[in-house]
Amino acid sequence: MSSKEEKKNSIIENALKLFSKKGFYNTTIPDIAKAMSMSVGNMYNYFKSKEELAKFAIKYSTNILATDLKKINEMDASSKEKIFLFTKKYLENVQKSPEIIEYFLRVYLSNREVFQEGCEGFLCVSEFVTEVMILLDEGAAKKEFRQQDFFPAFAMIMGALGGFAFLSGEQVLDKDIISYSDDVAENIYRALKYEK
Amino acid sequence: MKNNERNKPKIVWLQAITCNGNTHSFLSANVNRLKLFLNSFDLIYHPSLTTDILLDDLLKKDEEIDFLLVEGAISSNKEFFQLSNQTTNEILKKLVLKSKYLIAVGSCASYGGVHKKFEQNNNILGLQEALFEHDTSTLKHPIVNLTGCPVHPEWIFQTLFSLKEYKQIALDEKGRPKEIYSYLAHHGCTRNEYFEWKVEANSFGLKEGCLFYEQGCRGPMTHSNCNKILWNDVNSKTRAGMPCIGCTEFDFPRNNMLETKKNIGIPDEVPLGVSKRAYLSIAGVAKTFKIDRLNEKIIK
Ligand code: SF4
Ligand code: SF4
């Protein structure tokens, strides 16, 4: 990675934290520059606008999940095991870097207008969606998952995980988030599993 | 025999277990090309045409054959199929011994085709499978498989003229001429732009939309040049709005040919040479674009 890219990534990481805490509109470029101890002018050498930064940030954060899921997809394991492994990874991410998931829930999903141009449809999250497709396709091909339309199946996974991340963010869970991992995975698996 | 026919290569067209479809296709060839063919070759025997010679004579006589064209599958089971009181297998072997080139015309002759699905007779084979090495030892060239259901007449002409001129043609690993079968039916399809942007046709016969996801089109995985060498010089299945059913491939006919097998909405097979991950990521993105022009009727 070039040093420019490294710098870009560290700006994104700082922006993710601020965006997910304060929201997209309440965070300004000077806020981010301040967190980076950078001049505002220098910030614009890396990102032309706050909108552009927001789009890079969604790619960056979902690619972390995509990389996790890709590794799991490439493992020699049953689709059920893969669901359990991915759920665990996801919840670990929520615990370790909550800003990544929060950004998705609080900025990407609630400020659609920011992402209308240049992030149409799956464009900025495609690597992750592709990995979910691979997981579902293989499971159904091996008859571990039943046949159904893609979107209900996709929503079953992402809805459960996203919802759980939300509960964690609201601090209403009474146990450590990771300890729910198998139960959440079991729910997802039951929604998808093949029935004779 | 007319004098000028002496030097023309002799062709015998044998019909084994067949529906006659390749003969129909052949007789629908472009008139000028058919004339050129008849002027350049001597078709001494074809069971659907009036010829001077009968199959029986041919088997008895010491007649040399340049090109033996076989339409239909081969069986050595007498109960189900015979010609002149012999099995197609026996006839084939006798004729091959007199021939220089052996050409399978159509998918049934190449690999057994639809007849191979007949469960009561498990001895239905394509030429290559039906013959042992010693049966073909006198041939000058490996067996040529002109697959297709039916074969395009131009593919037959092209093969015959090439062999006549150059004695040799390049074949792929399935015995098909590379010149014809290195293309995919998808090449030259007028729906390529719809394919790229994942705009689907929702019924047969429309001018608009691609037939890949919903109608089972096999164009992107079928080796043939149907969209380059058009049928009747004017059209192809996919141009007309009928999905390619992969008739030139080894596994033809497959089950559920007008359906795309999917897992949770994701196609089980993706175009040849593309990894599933790469295909899904491009297709997933392309699908989310809505290009008005491609969602409208071409002619309003
Ligand atoms: S209709 Fe078939 S051959 Fe034509 S573009 Fe679509 S997939 Fe390719
Ligand atoms: S388009 Fe496909 S099914 Fe039709 S003739 Fe060509 S290869 Fe066969």
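Q: What is the relative accessible area of B:Phe37?
A: The model is predicted, so that local features need pLDDT of at least 70 and side-chain atom pairs count only at pLDDT 80 or more, whereas totals for chains, interfaces and linings use all residues. Residues are numbered from 1 along each chain as its sequence is written, chains are lettered from A and ligands numbered from 1 in the order in which they are written, and side-chain values use heavy atoms, with hydrogens and water left out. On the scale used, buried means under 20% relative accessible area, exposed over 50% and partly exposed in between, with a 1.4 Å probe and protein chains only. B:Phe37 counts as buried, because its relative accessible area is 1%.

Q: What is the angle between the planes of A:Phe86 and A:Phe128?
A: Over all chains the structure holds 28 aromatic pairs, where rings of Phe, Tyr and Trp (its six-membered ring) pair if their centres lie within 6.5 Å, and planes under 30 degrees apart count as stacked, over 60 as edge-to-face and the rest as tilted. A:Phe86 and A:Phe128 are one such pair, with 6.0 Å centre to centre, and the pair is classed as tilted, the planes lying at 35°.

Q: How many residues apart in sequence are the parts tied together by A:Phe86 and A:Phe128?
A: Helices are DSSP runs (H or I, at least four residues), as strands are (E, at least two), and both are numbered from the N terminus. A:Phe86 is buried at 3%, and A:Phe128 is likewise buried at 5%. Because A:Phe86 lies in helix H5 (residues 79-96) of chain A and A:Phe128 in helix H7 (residues 126-141) of chain A, the pair ties together parts whose separation in residues is 42.

Q: Which geometry, stacked or edge-to-face, does the pair of B:Phe26 and B:Phe37 have?
A: B:Phe26 is buried, with a relative accessibility of 3%. The ring centres of B:Phe26 and B:Phe37 are 5.5 Å apart and their planes stand at 90°, so the pair is edge-to-face.

Q: Which residue of chain B forms a salt bridge with A:Glu74?
A: A salt bridge is a side-chain nitrogen of Lys or Arg within 4 Å of a carboxyl oxygen of Asp or Glu, and the search of the whole structure finds 27 over all chains. A:Glu74, which is exposed at 51%, meets A:Lys70 in one of them, at 3.5 Å from N to O. With its closest N and O atoms 3.7 Å apart, a further bridge links A:Glu74 to B:Arg277.

Q: In which helix of chain B does B:Arg277 lie?
A: B:Arg277 is partly exposed at 23% and belongs to a network of salt bridges that also includes A:Lys70, A:Glu74 and A:Glu131. The pair of A:Glu74 and B:Arg277 joins two chains, because A:Glu74 lies in the loop between helix H4 (50-73) and H5 of chain A, while B:Arg277 lies in helix H12 (residues 276-287) of chain B.

Q: How many charged residues are in the shell around ligand 2?
A: The residues around ligand 2, each with a heavy atom within 4 Å of the molecule, include B:Cys226, B:Trp231, B:Lys237, B:Cys244 and B:Cys247. Ala, Val, Leu, Ile, Met, Phe, Trp, Tyr, Cys and Pro count as nonpolar, Asp, Glu, Lys and Arg as charged, and the others, Gly among them, as polar. On this basis the shell has 5 nonpolar residues and 4 polar ones, and the charged count is 1.
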